[in-house]
Amino acid sequence: MRDILILAIESSCDETSAAVLRGQEVLSNVIATQKIHEKFGGVVPELASRAHQVNIMPVVDQALKEANCGITDIKCIACTSGPGLLGALLVGVSFAKSLSLALNIPLILVDHMQAHVLAHFIHRKDDQIISPSFPMLCLTVSGGHTQLVEVKAPLDMKVIGKTIDDAAGEAFDKAAKVLGLPYPGGPLVDKLAQEGNPNRFHFTIPDTPQLSYSFSGLKTSLLYFLKKEVALNPNFIEENLRDICASYQNTIVTYLLKKFQKALDESNYASMSLAGGVSANSLLRKRFVELGEKNNIQVFIPSFEFTTDNAAMIGAAAFFKYQEGLFANLDEAPNPRASII
Ligand code: KG4
Ligand code: ZN
């Protein structure tokens, strides 16, 4: 069973990705990021579906080549079934169903958010294999989600806290937009912040109940702050861009980790992890490691390749489902609003 070759496909948003795994070992992980959305300042669903249609064959082809195998070597096909954009999901799901039928191999549908968490179980050849112990507390931060997830086993996880409005990634992307930076702004804010002073400007940390988050007020407070300052000095943004990014990023990271610490205090966890696109953020990664040291808990941070959307994480999740015989029927449909409970 450990030698099973799985072809995994991810197409929930604006990355078309295909990966080949042998069990938990990733042999290839090809990601085509759709550039078309940049000029619109955000993902345009119809354009995403069309780009997936164009990309999916070459991406799968490349993944097979890099894994040094042919399509008939594949013994199981997996794809993301949700959450995500319906049209985008349909491209991957239809493709996977067709292959499953044509090759007469099992189909596995994977929850995208569960896969982000399970990215910690992807192995690379020659990696020293250290997998997280359970229970694990995972902070999943992406462009569409912000979740505190209690993980008791690979396929047994529960969301114990989440955002009531915008996601952390949106807080980065929307701030970048008002600062005149291109989409997606998260990586750019991170880069500029590295040369800025995080204590120069003050943004209030949102006050939300229990383990919930809210990012829409933070984004609005940045907007009002900029309006006020630009009225006094039209060059305010250009002259202070690095300090604004550093101060704003510092507020988001402090807030994310404040709730994470609260969740740690409320239960006993054997490990803690980060997942999702925003886990590529340099400050969040640094402070997360420090938090782990402070709490004396084993820390897992995904390598950059597995932070943003990728098919290797879909394959890793699929391998767990394969071991349990959790296969899908061809009449199952994608679910854009799927959620792990
Ligand atoms: O997980 P992901 O690839 O897609 C979704 O499922 O949403 O996450 C994308 C998000 C975007 O909002 C992007 O700006 C953010 O991750 N992101 C970052 C960084 N790299 C990507 N945010 C902050 N700092 C980064 N270095
Ligand atoms: Zn994602």
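These legends accompany close-up views of two ligand sites in a predicted model.

**View 1. The zinc ion (ligand 2) and its donors.** Welcome to the metal site, where His112 and His116 each offer an NE2 atom and Asp309 offers an OD atom to the zinc ion (ligand 2). The coordination distances run from 2.1 to 2.2 Å. Read along the sequence, these donors follow the spacing H-x3-H-x192-D.

**View 2. Histidine 116 and aspartate 309, two donors from distant parts of the chain.** Here the pair is 193 residues apart in sequence. Histidine 116 sits in helix 3 (residues 112-118), while aspartate 309 belongs to the loop between strand 11 (298-300) and helix 9 (311-324). Both residues are buried.

**View 3. Polar contacts of ligand 1.** Three contacts to follow here involve oxygen atoms of ligand 1. Glycine 143 places a backbone N or O atom 2.8 Å from a ligand 1 oxygen. For glycine 186, a polar backbone atom is 3.2 Å from an oxygen atom of ligand 1. Histidine 116, already met as a zinc donor, has a polar side-chain atom 3.3 Å from an oxygen of ligand 1.

**View 4. The shell around ligand 1.** On its own, ligand 1 has 560 Å² of accessible area, and the protein covers 89% of it. Helix 3, helix 4 (168-178) and helix 5 (186-193) are the elements that each give two or more residues to this shell. In total, 18 residues surround ligand 1, with Gly143, Asp173, Asp190, Gly277 and Asp309 the closest. By character, the shell comprises five nonpolar, 10 polar and three charged residues. Look out for Asp309 once again, as this residue also coordinates the zinc ion (ligand 2).

Technical notes. Residues are numbered from 1 along each chain as its sequence is written. Chains are lettered from A and ligands numbered from 1 in the order in which they are written. This is a predicted model: local features need pLDDT of at least 70, side-chain atom pairs count only at pLDDT 80 or more; totals for chains, interfaces and linings use all residues. Side-chain values use heavy atoms; hydrogens and water are left out. Donors are N, O and S atoms within 2.8 Å of the metal (3.2 Å for Na, K and Ca); water is not among the atoms, so sites may look incomplete. Helices (H or I, at least four residues) and strands (E, at least two) are DSSP runs, numbered from the N terminus. Buried means under 20% relative accessible area, exposed over 50%, partly exposed in between (1.4 Å probe, protein chains only). A residue is near a molecule or strand if one of its heavy atoms lies within 4 Å of it. A polar contact is a pair of N or O atoms within 3.5 Å; within protein, one must be able to donate a hydrogen and the other to accept it, and residues adjacent in sequence count only if both atoms are side-chain atoms. Accessible areas come from the Shrake-Rupley method with a 1.4 Å probe; for residues, only the protein chains shown count as cover. Ala, Val, Leu, Ile, Met, Phe, Trp, Tyr, Cys and Pro count as nonpolar, Asp, Glu, Lys and Arg as charged, and the others, Gly among them, as polar.
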